Number of protein chains: 2
Amino acid sequence: MPRTSDKRDRLLHAADRLVLAQGCKQTTLADIARESGVPLGNVYYYFRTKHDICTAVVDSRIDAMRDVLAACERSPDPRRRLLCFLDYPLGHRQALREHGCPLGSLASELSKSGTLKDQSARLVGLLRNWAQAQFEAMGVADAPALALEYTALLQGTSLLAHTLDDDSVVEPLVSRLRARIEAL
Amino acid sequence: MPRTSDKRDRLLHAADRLVLAQGCKQTTLADIARESGVPLGNVYYYFRTKHDICTAVVDSRIDAMRDVLAACERSPDPRRRLLCFLDYPLGHRQALREHGCPLGSLASELSKSGTLKDQSARLVGLLRNWAQAQFEAMGVADAPALALEYTALLQGTSLLAHTLDDDSVVEPLVSRLRARIEAL
DNA sequence: GTCTATAGAGGGATAGAC
DNA sequence: GTCTATCCCTCTATAGAC
């Protein structure tokens with residue numbers, strides 16, 4: 001079971017795209033095999049079970065988000081880091097409308113899954129913990145509550161854009177959040 | 001196909017509970033039959049397809065939420081109506097932790113479903129439109145944006161409580177929202 | 001109206017040739 | 001390491017007796 005290889009990458013990438021569009025449960029191994037050009041029977045050489053593929057997708061989502069957060073951390077000012085991250089949902093509002101938040105929509109599905117429920121908190125917890133670290137670095141009172149609010153608002157924004165199928169809701173919501181952080 | 005009957009009610013009620021706990025896709029007709037005490041083959045006398053059961057669940061969720069909103073509308077002051085509704089997530093925070101928002105979590109799943117995608121906007125749109133009507137009645141500027149923020153924050157709150165499996169996030173989030181509305 | 005039995009399709013997983 | 005063929009189970013839906 002190689003941890004890295006060309007075919008494994010293609011399978012994982014295909015799985016990630018399909019899960020984003022359809023969800024875990026809806027995505028079949030046949031879908032993933034077809035989309036990645038790997039024969040169905042060969043999928044099991046790289047991933048023992050479908051469950052393993054899904055956890056790999058979760059891990060790759062977390063890695064991707066870590067990269068986005070790391071880019072924001074190049075600013076020395078925690079307030080600017082929080083503002084910097086807001087460019088992400090704003091710049092990806094069409095993707096949010098089409099597929100929802102890559103962390104939140106997956107977490108939401110997994111939280112009802114039974115076997116993958118525990119993966120769900122990792123996804124949303126990542127953003128929440130990062131935001132809390134920033135608010136604490138700012139030295140404001142109530143950093144935990146502010147981080148919750150920051151995270152909840154962004155998750156709610158993604159959920160609305162996706163379920164209402166309308167990306168025009170993103171800009172006003174992000175603008176109001178931005179203004180509130182600037183006023184802190 | 002009777003629109004109302006004892007067995008139909010039991011089936012719908014069982015479906016609603018199971019969908020809340022597991023989601024639509026995960027819930028099987030056998031689950032619903034067992035849970036309601038109706039034999040599997042008889043389910044099809046009351047609902048032609050599983051798709052029909054799911055839309056009936058959506059309708060019943062919307063009806064239930066309409067009742068909650070109607071109760072809030074007994075107050076003549078739109079600000080108090082908005083505050084009144086906040087008692088709902090606060091009083092049901094344990095249910096939110098266990099199952100997520102009955103509107104939002106279902107809408108989130110259906111938005112990736114293909115055949116039921118269109119039902120998704122009805123669920124979340126209900127709360128958004130109601131909130132917007134209240135803010136407009138208050139005569140504040142930016143009622144649409146305020147309604148979006150109200151809805152997004154509540155949906156985000158439910159998503160966090162559910163995916164983090166932690167109901168202690170609800171109270172601080174609702175409190176902050178309450179304070180902001182009182183300050184308007 | 002009610003229920004049993006089962007058809008029929010789909011999907012996860014495996015055997016085993018190469 | 002790769003891939004075909006297929007097993008086996010689950011689930012939706014129907015047929016048809018009562």
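Colleague: By class, what does the surface near DNA strand D have?

Modeller: This is a predicted model. In it, that surface has 6 nonpolar, 6 polar and 2 charged residues.

Colleague: Which residues come nearest to DNA strand D?

Modeller: K7(A), Y46(A), L29(B), Y44(B) and K50(B), out of 14 around the strand.

Colleague: What makes the pair of K7(A) and a phosphate oxygen of DNA strand D a polar contact?

Modeller: The distance. An N or O atom in the K7(A) side chain is 2.7 Å from that oxygen. The cut-off is 3.5 Å, so the pair counts. Y45(A) passes too: a polar atom of its side chain lies 3.4 Å from a phosphate oxygen of DNA strand D.

Colleague: What does the side chain of Y44(B) reach on DNA strand D?

Modeller: A base nitrogen, 3.3 Å from an N or O atom of that side chain. That value is within 3.5 Å, so this is a polar contact as well.

Colleague: How much of what lies within 4 Å of the protein on DNA strand D is sugar or phosphate?

Modeller: Of those atoms, 73%. The rest belong to bases.

Colleague: And which residues come nearest to DNA strand C?

Modeller: L29(A), Y44(A), K50(A), K7(B) and Y46(B), again out of 14 around the strand. Sugar and phosphate make up 72% of the strand C atoms within 4 Å of the protein.

Colleague: How do you know that Y46(B) makes a polar contact with DNA strand C?

Modeller: A polar atom of its side chain lies 2.4 Å from a phosphate oxygen. The limit is 3.5 Å, so the pair qualifies. K7(B) has an N or O side-chain atom 2.7 Å from a phosphate oxygen of this strand. Y44(A) lies 3.3 Å from a base nitrogen.

Colleague: Now the protein itself. Into which domains is chain A divided?

Modeller: Domain 1 covers 1–48 and domain 2 covers 59–182. The contact takes 8 residues from domain 1 and 7 from domain 2. Between them they bury about 630 Å², 57% of it on carbon and sulfur atoms. On the domain 1 side, D16(A), L20(A) and C24(A) lose the most area, together 67% of what that side buries.

Colleague: Why is the pair of R61(A) and D16(A) called a salt bridge?

Modeller: Their side chains meet at 2.9 Å, N to O. The limit for an Arg nitrogen and an Asp carboxyl oxygen is 4 Å, so the name fits. The count between the two domains is 1 salt bridge. There are also 3 residue pairs in polar contact across that interface.

Colleague: How many residues of chain A are in contact with chain B?

Modeller: 40 residues of chain A, facing 40 of chain B. The area buried is about 3300 Å², with 63% from carbon and sulfur atoms.

Colleague: What makes R176(B) and D142(A) a salt bridge?

Modeller: Their N to O distance is 3.8 Å. That is within 4 Å, so the pair counts. Across this interface the rule finds 6 salt bridges and 18 residue pairs in polar contact.

Colleague: Which element gives the largest share of the side of chain A that touches chain B?

Modeller: α9(A), with 14 residues. By class, that side divides into 17 nonpolar, 16 polar and 7 charged residues.

How values were computed: Residues numbered from 1 in each chain as written. Chains lettered and ligands numbered in written order. Predicted model: local features only at pLDDT ≥ 70, side-chain atom pairs only at ≥ 80, totals over all residues. Heavy atoms only, no water. Near = heavy atom within 4 Å. Polar contact = N/O pair within 3.5 Å; in protein donor to acceptor, adjacent residues only side chain to side chain. Nonpolar A, V, L, I, M, F, W, Y, C, P; charged D, E, K, R; others polar. Domains from an automatic or database assignment. Contact = heavy atoms within 4.5 Å. Buried area = accessible area lost by both parts, 1.4 Å probe. Helix = DSSP H or I, 4+ residues; strand = E, 2+ residues; numbered from the N terminus.
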